[in-house]
Every structure is written in structure tokens, then in C-alpha cells.
Amino acid sequence: MLGGGVGGIGFGLGFCVIMLDPSFRKLIVEHVVSAYKRTKSCAILLDYDGTLQSTVDTTPNAEAIAILNKLCRDSKNVVFIVSGKDKDTLTQWFSSCGNLCLAAEDGYFVRPNKTTDWETFAAVRDFYWKQIAEP
């Protein structure tokens, strides 16, 4: 995993160890804000089941919806939620987020915004890229 990963150890002790690459550097908030202000476009990709909510089976709260709507109102942002949840659940949960892009069932279904239909990705038949990516 690029930058680090999470691994569990122990005998059911309920803790994990975070492993970071030796070259890992913590982001400096001022640098991120400065870069964001200078950019003309920004893609914000969020994993719903891990980034936005700590409990997997919870619906998004009002604060999360408000933040997503604020990010989506900025015309330079493309905000994308990726989730393992089904498309009906995501449609219901994020119905008030008009410009939010959604990917349901880990990307099998994609919807660019509230006014478009869900699209299904066709199966990829050519996996030659794996020979390049795996090493």
C-alpha cells in the first residue's frame, strides 16, 4: 500500500498496528490549503464506509451532508463518494446532494450527479495492465 497500511496483530486484543513507509510525511495543513487555493480544479474522493463515518451501518448526519453540499457548491470541485453500499441506499442517503458523484457497490454502479441515471461498468476483458502494475 502506498504510504502505509493497517495490520492487526494479537489474540483478539482489539488493537491494530499502523505501518508507515519510511518516506511517509505527515501533510501540513497550510501546504494543503495553499495548494487548494492555487488549483483550478480539484477531485475529492471519499470512501463513505471508512472516511466519512466511523460506524459502517450509519446514515450520514446533517453535518456531513452540509459539508458535502458546501464542497459541491464550489465549481472547481468534483466530489465523489465511493461505497460498498447499494445504489438505492446511497440514493436515499444523499438525495439532498445534487452535484455529488456516487459510486455504489465499490464502483460497479456510478452516478455522476443526482439528475443522471446509474451506469453499470462493463466487465474488463483485457488485464494486460496488471503485468505492468503488479511489479
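**View A. Y108 is partly exposed, with a relative accessible area of 44%, while its partner in this view, F109, is buried at 13%.** Here, buried means under 20% relative accessible area, exposed over 50%, and partly exposed in between (1.4 Å probe, protein chains only). This is a predicted model, so to speak of local features pLDDT must be at least 70, and side-chain atom pairs count only at pLDDT 80 or more, though totals for chains, interfaces and linings use all residues. Residues are numbered from 1 along each chain as its sequence is written, and side-chain values use heavy atoms, with hydrogens and water left out.

**View B. Three aromatic pairs turn up in the model.** In the Y48–W93 pair, the ring centres are 5.4 Å apart and the planes sit at 45 degrees, so this one counts as tilted. (Rings of Phe, Tyr and Trp, the last by its six-membered ring, pair if their centres lie within 6.5 Å; planes under 30 degrees apart are stacked, over 60 edge-to-face, and the rest tilted.) The pair ties together distant parts of the chain: Y48 belongs to helix α2 (residues 48–52) and W93 to helix α4, 45 residues apart. Both Y48 and W93 are buried. The Y108 and F109 rings have centres 4.9 Å apart and planes at 90 degrees, so that pair is edge-to-face. Back with Y48 and W93, F94 joins them in one aromatic cluster.

**View C. Five strands line up as an open, mixed sheet in the order β3-β4-β5-β6-β7.** The edges are β3 (42–47) and β7 (119–120), each pairing on one side only. Strands pair if DSSP finds at least two bridges between them; helices (H or I, at least four residues) and strands (E, at least two) are DSSP runs, numbered from the N terminus. β6 (residues 109–111) meets β7 in the antiparallel sense over two bridges, and V110 stands opposite E119 in β7. Zooming out, the chain holds five helices and seven strands, in the sequence pattern β-β-α-β-α-α-β-α-β-β-β-α. Of the 135 residues in the chain, 24% are buried.

**View D. Strand β5 has buried side chains pointing both ways.** C101 and A103 go one way, L102 and A104 the other. What does β5 pair with, and in which sense? With β4 the pairing is parallel over three bridges, while with β6 it is antiparallel, also over three bridges. L102 features in both views of the strand: I81 has L102 as its bridge partner in β5, and R111 in β6 stands opposite L102.

**View E. The hairpin of β5 and β6 has four residues between its strands.** Which residues of this loop take a positive phi? E105 has phi near 50 degrees, a positive value in a residue other than glycine, and D106 has phi near 55 degrees, again positive and again not glycine. E105 lies in the loop between β5 (101–104) and β6, as does D106. How covered are they, buried or exposed? E105 counts as partly exposed because its relative accessibility is 36%, whereas D106 is exposed, with a relative accessible area of 62%.
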